[in-house]
2 protein chains.
Amino acid sequence: MGSGKTTSFDIAKRAGVSQATVSRALRNSPLVNPETREKVQRIAREMNYRVDRSAAGLRSQRSNTIALLFFEDPTSDDSQINPFFLTLLGHITRYATRQSYDVLVSFQQLSDDWLNEYVVSNRADGIILLGYGDYGRISDKLQRLREEGLPFTIWGATVPELEGHAIGCDNPRGGELATRHLLGIGRRRVAYIGSASDDAPEFKLRYQGYCRALEKAAIEPDPQLLMQTDNLELSAYDATQKLLDSGVEFDAIFAASDLIAFGVIKCLKKNNIAIPDQVSLVGFDDLPAATYFSPALTTVRQDTRLAAHALMGNLLKMIEGEDVTSPRIPISMVVRGSCGGRQG
Amino acid sequence: MGSGKTTSFDIAKRAGVSQATVSRALRNSPLVNPETREKVQRIAREMNYRVDRSAAGLRSQRSNTIALLFFEDPTSDDSQINPFFLTLLGHITRYATRQSYDVLVSFQQLSDDWLNEYVVSNRADGIILLGYGDYGRISDKLQRLREEGLPFTIWGATVPELEGHAIGCDNPRGGELATRHLLGIGRRRVAYIGSASDDAPEFKLRYQGYCRALEKAAIEPDPQLLMQTDNLELSAYDATQKLLDSGVEFDAIFAASDLIAFGVIKCLKKNNIAIPDQVSLVGFDDLPAATYFSPALTTVRQDTRLAAHALMGNLLKMIEGEDVTSPRIPISMVVRGSCGGRQG
DNA sequence: CTGAAAGCGCTTACAG
DNA sequence: CTGAAAGCGCTTACAG
């Protein structure tokens, strides 16, 4: 037995072939004779042999690993990850496993040097970036990554500069659908709670969709009905309170995300404002928790499974050196009780 | 410049030292002269150099990576991961980063061969197992891992056979606290919804705590008030309906987890049973979503940060060959509106 | 279809 | 404190 770990040489000796043949057989190379392959694989199984990933990675210059980086808002405490990205994590990981890729997970600050940290060190063949962040601050980095040809995809607004890299849903249409739904049940004073700035492109696009729906209904967007907030439940709670305190009248709210909608609901309840009787509400994301409230939250669903597959699919193509384009991830309205109207 | 990637030899040439010295300097070896170290590190920074992880891993036989394996219930669809473990994921990942470890995430079936897959292949130096599973089916595997000396920790009941490996909270005390709280506000017919079988040791322990609290109050546990269900919202919904249909009277429910409590709430609401007026409810875990319901859920909180640190801390000790013991993770009651009584 | 050989880029005894 | 050398366990031209 010896004391060392089992290597491909041990398998080779036992199988009566060369070590190179063992390597080929285990990787199902078509070069190797089927019978030889079977024999080698059987012996490898019997000896509980596993290819050493470090050795394979060093020689082939491929880690067969992708890094999944979550951007953290430094303002949020460290306990909560945005549930939307967590759903993505599940789909991405399963998809990766099916493609024989490992997934490395890490939380990063926007300012960190993840650019080199992962790909240059051969820890990962490519990276997926997740998180609503201050895009302005990372766009330089993304351009550099792009120029250096490092494979990466990112969840966000599908801007032309990041064609193929950026994957997102049709945010303007989502915003328009949500707002049109509120108008369709007779609401006229629809507030928007969420970001509408360049720092958060996807939210800005949702806001633009909101404006478009209003304009199509011949309603002028009222700046007093725009309450900017970042994507946190607590911030949304405060923003809602501010809207209430302003005394501006409104009969509906389009929350730019479900997380924001949750903060809105808590604040309206606190102020004894009835949903949907006094105020109708639509969110965005369709988090599992959207059904926990009474009434349950009407929201815009993004297809997270397709999103995950696009993020991984494009990344793997880039790793293979293929060309990619940015798909638009489908969205759909999920009507529950928080709007009232036709659905009661 | 050349076309190849930057290696430690390139740094060595530029710094006028040997490649071995570069290696030492970058790893902050005390063997190297401070000035030499500074110089080497500066040049490495300038050249954007990163140590190749595969090469380092191959040579040192250390991956500096831990694998985080989630057991999936094959019955659940692939979208939802138990939020409790997701919280653990966050804490574990951050802790690992601070210790310069990478975290590999994967979803596994209980039956998979993760035993060899990760550690033997040198993909990870140790593994953390997460998931309420059918312990009976993996206890053999865990014993084998243990005998082979492969480093692993697991979230679960702290049984003597897995001393040091298993990390869990004081489940019996949690069950007892929850039940005592319900008795304290005057409830006498307390149902238990959740598993009470050997397949799910932590839930069984919570059930035992429930029984103990009842017995201390001179109440005989009523088998009719025990509704077994696995740890899914939908299953819990069905179990609650079954309890209702049975016609057995009850004035309180101890749900073995928050996820189960969520299913209970939905079912009680559907049946127009008022919480807490007609039925008081306590959960277990204190998921973020516990505050989304009206009334908010009273529950038993587990300190997930300490849990994560214990899982990682013990694992790292095992990797270093040190001895470990299983700590008990602290719990506490979080009283919200779902019980009524003193807190209203 | 198979084998002998080279070499991926490090870390770590060993020697000084 | 530093350097020359070995070697970790593979994959992959190259030759047959």
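**Protein surface around DNA strands C and D**

H2 and H4 of chain A, together with H2, helix H3 (34-46) and H4 of chain B, each supply at least two residues of the surface near DNA strand D. Helices here are DSSP runs of H or I with at least four residues, numbered from the N terminus (strands, E, need at least two). A residue is near a molecule or strand if one of its heavy atoms lies within 4 Å of it.

The model is predicted: local features need pLDDT of at least 70, side-chain atom pairs count only at pLDDT 80 or more, and totals for chains, interfaces and linings use all residues. Residues are numbered from 1 along each chain as its sequence is written, chains are lettered from A and ligands numbered from 1 in the order in which they are written, and side-chain values use heavy atoms, with hydrogens and water left out.

Around DNA strand D there are 30 residues, of which Gln19(A), Ser23(A), Tyr49(A), Arg59(A) and Arg24(B) come nearest. Of the atoms of this strand that come within 4 Å of the protein, 61% are accounted for by sugar and phosphate. H4(A) gives the most to this surface, with five residues. By class, the surface near DNA strand D has 13 nonpolar, ten polar and seven charged residues. Nonpolar here covers Ala, Val, Leu, Ile, Met, Phe, Trp, Tyr, Cys and Pro; charged covers Asp, Glu, Lys and Arg; the others, Gly among them, are polar.

Several side chains reach the bases of DNA strand D. A polar side-chain atom of Gln19(A) lies 3.1 Å from a base oxygen. An N or O atom in the side chain of Arg24(A) is 2.8 Å from a base nitrogen, and one in the side chain of Arg24(B) is 2.5 Å from a base oxygen.

DNA strand C is surrounded by 30 residues, and the closest are Arg24(A), Ser8(B), Gln19(B), Ser23(B) and Arg59(B). Of its atoms within 4 Å of the protein, 61% belong to sugar or phosphate and the rest to bases. Helices H2 (19-26), H3 (34-46) and H4 (53-60) of chain A, with H2 (19-26) and H4 (53-60) of chain B, each supply at least two residues of the surface near this strand. The largest share, five residues, comes from H4(B).

On DNA strand C, a polar side-chain atom of Gln19(B) lies 3.1 Å from a base oxygen. Phosphate oxygens of the strand are approached by a polar side-chain atom of Ser23(B), at 2.2 Å, and by a backbone N or O atom of Asn33(A), at 3.0 Å.

Terms used. Polar contact = N/O pair within 3.5 Å; in protein donor to acceptor, adjacent residues only side chain to side chain.
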